[in-house]
Amino acid sequence: MTILINSIIIFFIAVGVLFIIVTAIGLFRLPDLYTRAHAASKSATLGVMSVLTGVFLHFWLIEGYFNPRILLGIVFIFITSPVGGHILTRSSYIAGIKPWKGTKHDDLKEEIERMRKEQNIQN
């Protein structure tokens with residue numbers, strides 16, 4: 001039973017480390033703010049959540065200590081990291097930072113123009 005538990009713990013931590021490595025590669029290799037923010041918010045979230053899950057399982061199943069703070073940390077990361085990445089990229093777009101020249105389709109352009117027109121009408 002201990003071998004199975006340790007294998008599950010190692011699996012979660014290894015998957016988390018793999019996602020964190022993918023995040024680091026994405027931050028160096030991707031061309032613009034928007035793709036880098038995507039790498040930082042999505043894969044880093046999965047990486048940290050997987051590592052924290054492995055840590056939680058270790059303390060609970062091996063050490064016999066149930067730590068709800070780790071579970072709260074997992075929930076907090078799950079909620080805040082993608083939302084923060086979304087807010088960062090949307091505010092950067094509104095501020096005028098242009099996407100990479102190889103971007104094929106800009107879904108947000110029409111929405112931002114509509115919002116600006118509505119603000120000008122109200123003012």
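Is arginine 114 buried, partly exposed or exposed? Arginine 114 is partly exposed, because its relative accessible area is 38%, which falls between the 20% that bounds buried and the 50% that bounds exposed. This is a predicted model, and arginine 114 is a good place to start reading it.

Begin with the partners of arginine 114. Glutamate 111 is one of them: the two form a salt bridge, and their closest N and O atoms are 2.5 Å apart. Both residues belong to helix α4. They sit 3 residues apart, so about one helical turn separates them. Glutamate 111 is partly exposed too, with a relative accessible area of 29%.

Now look along the helix to glutamate 118. Its side chain meets that of arginine 114 in a salt bridge, again with 2.5 Å from N to O. Here the spacing within α4 is 4 residues, about one turn of the helix. Glutamate 118 has a relative accessible area of 38%, so it counts as partly exposed. Through shared partners, the salt bridges join Glu111, Arg114 and Glu118 into one network. A search of the whole structure finds 2 salt bridges.

Helix α4 covers residues 108–122. It also helps to line a pocket. The second largest pocket holds about 250 Å³ of space. Its lining has 13 residues, and Tyr93, Lys98, Pro99, Asp106 and Lys109 are the closest to its centre. Helices α3 and α4 each supply at least two residues of this lining. The most come from α4, which gives 4. By class, the lining of the second largest pocket has 6 nonpolar, 2 polar and 5 charged residues.

Turn next to the largest pocket, with about 410 Å³ of space. Its lining is made of 20 residues. Nearest its centre lie Tyr34, Thr35, Thr89, Tyr93 and Leu108. Two elements give two or more residues to this lining: α2 (33–62) and α3 (68–95). The largest share, 6 residues, comes from α2. The lining of the largest pocket divides into 7 nonpolar, 8 polar and 5 charged residues.

Helix α2 leads on to the surface. Trp60, Leu61, Ile62, Phe66 and Leu71 make a nonpolar surface patch of about 440 Å². Again α2 provides the largest share, here 3 residues of the patch. Isoleucine 62 is found in this helix. Why can isoleucine 62 count towards a surface patch? Its relative accessible area is 35%, and patch residues need over 30%. By that value, isoleucine 62 is partly exposed.

Methods:
Residues are numbered from 1 along each chain as its sequence is written. This is a predicted model: local features need pLDDT of at least 70, side-chain atom pairs count only at pLDDT 80 or more; totals for chains, interfaces and linings use all residues. Side-chain values use heavy atoms; hydrogens and water are left out. On a 1 Å grid over the protein atoms alone, a cavity is a set of points where a 1.4 Å probe fits but cannot get out, and a pocket is an open set with protein on both sides within 12 Å along at least five of seven lines; lining residues have an atom within 4 Å of a point. Grid points are joined across faces, edges and corners, and a volume is the space filled by probe spheres set on the points. Ala, Val, Leu, Ile, Met, Phe, Trp, Tyr, Cys and Pro count as nonpolar, Asp, Glu, Lys and Arg as charged, and the others, Gly among them, as polar. Patches are made of residues with over 30% relative accessible area and no salt bridge: like charges are joined within 9 Å, nonpolar side chains (Val, Leu, Ile, Met, Phe, Trp, Tyr) within 5 Å. Accessible areas come from the Shrake-Rupley method with a 1.4 Å probe; for residues, only the protein chains shown count as cover. A salt bridge is a side-chain nitrogen of Lys or Arg within 4 Å of a carboxyl oxygen of Asp or Glu. Buried means under 20% relative accessible area, exposed over 50%, partly exposed in between (1.4 Å probe, protein chains only).
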